2 protein chains.
Amino acid sequence: MAKDGKTAARGKRERLVSAAVALAYRQGFARTTLADIAAESGVPLGNVYYYFKTREDIGAAVLDYRKDQFAQARERFAALPSPKERLKAFVDMTVGNADNVAQKGCPMGTLCAELLKMPDAFAEGAGALLTVPMAWMAEQFVELGYDSEASDLALKLQTGLQGASMMTLSARDPALLVREGERLKGWIEGL
Amino acid sequence: MAKDGKTAARGKRERLVSAAVALAYRQGFARTTLADIAAESGVPLGNVYYYFKTREDIGAAVLDYRKDQFAQARERFAALPSPKERLKAFVDMTVGNADNVAQKGCPMGTLCAELLKMPDAFAEGAGALLTVPMAWMAEQFVELGYDSEASDLALKLQTGLQGASMMTLSARDPALLVREGERLKGWIEGL
DNA sequence: GTCTATACGGCGATAGAC
DNA sequence: GTCTATCGCCGTATAGAC
């Protein structure tokens with residue numbers, strides 16, 4: 001199956017993006033070279049340019065990957081019966097990554113912070129990594145009947161998760177994020 | 001006054017560090033070159049190496065500068081009569097920087113996150129940028145009589161500030177940090 | 001589509017005159 | 001202590017054979 005070039009090409013492109021995402025998360029995008037990405041994905045350096053015209057394009061692909069990651073999670077959460085369960089599932093998703101967060105920070109938050117310090121064209125849209133999930137949270141709170149306060153509550157939840165992620169990273173202690181996650185889930189449950 | 005070399009040297013060194021700190025805050029340390037720092041401080045490139053053996057040493061100086069910045073704030077806060085006022089002064093310090101935070105994030109938090117992704121030797125001690133202030137907060141809460149919960153309360157405060165800073169950056173809206181700061185000060189006041 | 005070889009520029013770092 | 005000139009490496013990007 002799928003012996004055609006397009007499929008092979010897509011597979012390689014995906015491997016390149018995966019490698020770039022992993023490396024950008026581990027060591028920051030700025031410090032990630034094309035040689036790093038080529039090595040990690042097993043693609044020869046020169047071939048990278050068949051899939052991406054410039055390094056900047058790879059950065060854009062990394063950003064898109066992370067955005068898509070939330071979009072997919074959002075679809076999974078949509079299957080859950082209540083807004084509270086959906087919100088708690090989001091918290092669980094973050095908490096489930098606690099070990100990584102303690103070493104490399106929140107995948108969305110750290111990428112967002114890094115890209116927003118880059119020249120305008122490149123940074124464009126990086127803020128969405130955190131604001132789009134927050135807007136989704138607000139929708140859930142609306143569904144819970146908190147019309148006027150929905151965006152405040154969403155801000156509070158996303159702030160709590162991001163703050164906890166930052167402190168988890170600085171203290172290098174996953175338990176911290178786990179604990180804050182439990183607290184936030186309790187808060188959601190009690191609303 | 002101060003015609004001797006040592007003083008001139010110290011002045012130049014300080015200008016170099018100031019430039020490095022500003023550039024690392026604005027565009028990240030990874031993307032900051034020695035040429036950038038030399039240009040911004042008005043020191044010729046070759047002369048930079050009289051003050052710093054390696055680029056890594058400049059990174060260490062930037063980290064030290066930020067650590068010292070808190071140490072100095074801590075001394076100022078010590079003059080305030082009550083723990084609550086000291087804690088609120090800390091919040092005010094962060095909120096007072098809201099316009100910068102909206103563009104470049106928390107000076108401590110973003111540097112901490114960036115350095116902690118670097119090789120071990122370099123990252124060593126970057127976590128202190130957030131954990132040392134948190135430990136100071138805990139001392140204030142102890143003084144308020146919250147012995148057993150002091151570190152939880154400190155974590156909550158620092159988490160709130162860092163989370164608010166991250167969301168302020170991603171939304172590029174200073175008002176967000178101002179609002180969260182007011183909320184946190186109200187919480188402190190009511191303890 | 002794939003991969004090797006290489007051009008080109010920029011960056012960290014050094015040499016050495018002043 | 002100060003500064004110019006420059007070296008060598010590495011990173012992005014391209015040329016061109018297969």
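The legends below accompany close-up views of a predicted model in which protein chains A and B are seen together with DNA strand D.

**View 1. The overall make-up of chain A in the predicted model.** The secondary structure of chain A comprises 11 helices and 0 strands, and its elements, read along the sequence, give the pattern α-α-α-α-α-α-α-α-α-α-α. Measured out along the principal axes, the box that holds the C-alpha atoms of chain A is roughly 55 × 40 × 35 Å. Of the 191 residues in chain A, 50% are buried, and among the contacts of this chain with a separation of 6 or more, 65% are between residues 24 or more positions apart.

**View 2. The relation between chains A and B.** A turn of 180° with a shift of 0.0 Å along the axis lays chain B on chain A with an RMSD of 0.0 Å, and this is therefore the relation of a two-fold axis. Both copies use the same surface, since 100% of the contact residues of chain B recur in chain A. The residue of chain B that comes closest to the rotation axis is B:G163, whose C-alpha atom lies at 1.8 Å from it.

**View 3. A:Q162 and its contacts in both chains.** Helix α10 of chain A, which spans residues 150-171, contains A:Q162. With a relative accessible area of 5%, A:Q162 is buried, because the cut-off for a buried residue is under 20%. Leaving out residues up to four places away in sequence, A:Q162 touches A:C106, A:G109 and A:L130 in chain A, and B:G163, B:M166 and B:M167 in chain B. One of these partners, B:G163, is also the residue of chain B that comes closest to the rotation axis.

**View 4. The largest nonpolar core, centred on the surroundings of A:M137.** The largest nonpolar core has 114 residues, and those with the most contacts inside it are A:M137, A:L157, B:M137 and B:L157. In soluble globular proteins, nonpolar side chains tend to be buried together. Apart from residues up to four places away in sequence, A:M137 is in touch with A:L87, A:F90, A:A154, A:L157, A:Q158 and A:L161; among these partners is A:L157, itself one of the residues with the most contacts inside the core.

**View 5. The protein surface near DNA strand D.** Around DNA strand D there are 16 residues, of which A:Y49, A:R55, B:K12, B:Y50 and B:Y51 come nearest. Among the atoms of DNA strand D that come within 4 Å of the protein, sugar and phosphate account for 77%. Three helices each supply at least two residues of this surface, namely α3 (45-51) of chain A and, from chain B, α1 (5-27) and α3 (48-51). By residue class, the surface near DNA strand D divides into 6 nonpolar, 7 polar and 3 charged residues.

**View 6. Individual polar side-chain atoms facing DNA strand D.** For A:Y49, a polar side-chain atom lies 3.4 Å from a base nitrogen of DNA strand D. The partner is a phosphate oxygen of the strand in the case of B:K12, where the distance from a polar side-chain atom is 2.7 Å, and likewise in the case of B:N47, where it is 3.3 Å.

**View 7. A:A89 in helix α5 of chain A.** A:A89 belongs to helix α5, residues 83-95 of chain A, and counts as buried at 16% relative accessibility. Beyond its neighbours up to four places away in sequence, A:A89 touches A:F77 and A:L80. A:A89 and A:G46 stand 43 residues apart along the chain, and their C-alpha atoms are separated by 42 Å.

**View 8. The loop that holds B:G125.** In chain B, B:G125 is placed in the loop between α8 (120-123) and α9 (128-143), where it counts as partly exposed at 31% relative accessibility. Its contacts, neighbours within four places in sequence left aside, are with B:L63 and B:K67. From C-alpha to C-alpha, B:G125 and B:C112 are 9.0 Å apart in space, with their positions 13 residues apart in sequence.

**View 9. A:R172 and B:R172, each with a positive phi.** Most residues other than glycine have a negative phi. In A:R172, by contrast, phi is positive and near 50°, and phi of B:R172 is likewise positive and near 50°. A:R172 lies in the loop between α10 and α11 (174-189) of chain A and counts as partly exposed at 33% relative accessibility. B:R172 occupies the loop between α10 (150-171) and α11 (174-190) of chain B, and is partly exposed with a relative accessible area of 32%.

Methods. Residues numbered from 1 in each chain as written. Chains lettered and ligands numbered in written order. Predicted model: local features only at pLDDT ≥ 70, side-chain atom pairs only at ≥ 80, totals over all residues. Heavy atoms only, no water. Core = buried A, V, L, I, M, F, W, Y, C linked by side-chain atoms within 4.5 Å. Buried < 20%, exposed > 50% of the residue type's maximum accessible area, 1.4 Å probe, protein only. Contact = heavy atoms within 4.5 Å. Near = heavy atom within 4 Å. Polar contact = N/O pair within 3.5 Å; in protein donor to acceptor, adjacent residues only side chain to side chain. Helix = DSSP H or I, 4+ residues; strand = E, 2+ residues; numbered from the N terminus. Nonpolar A, V, L, I, M, F, W, Y, C, P; charged D, E, K, R; others polar. Least-squares fit on C-alpha atoms with pLDDT ≥ 70 in both.
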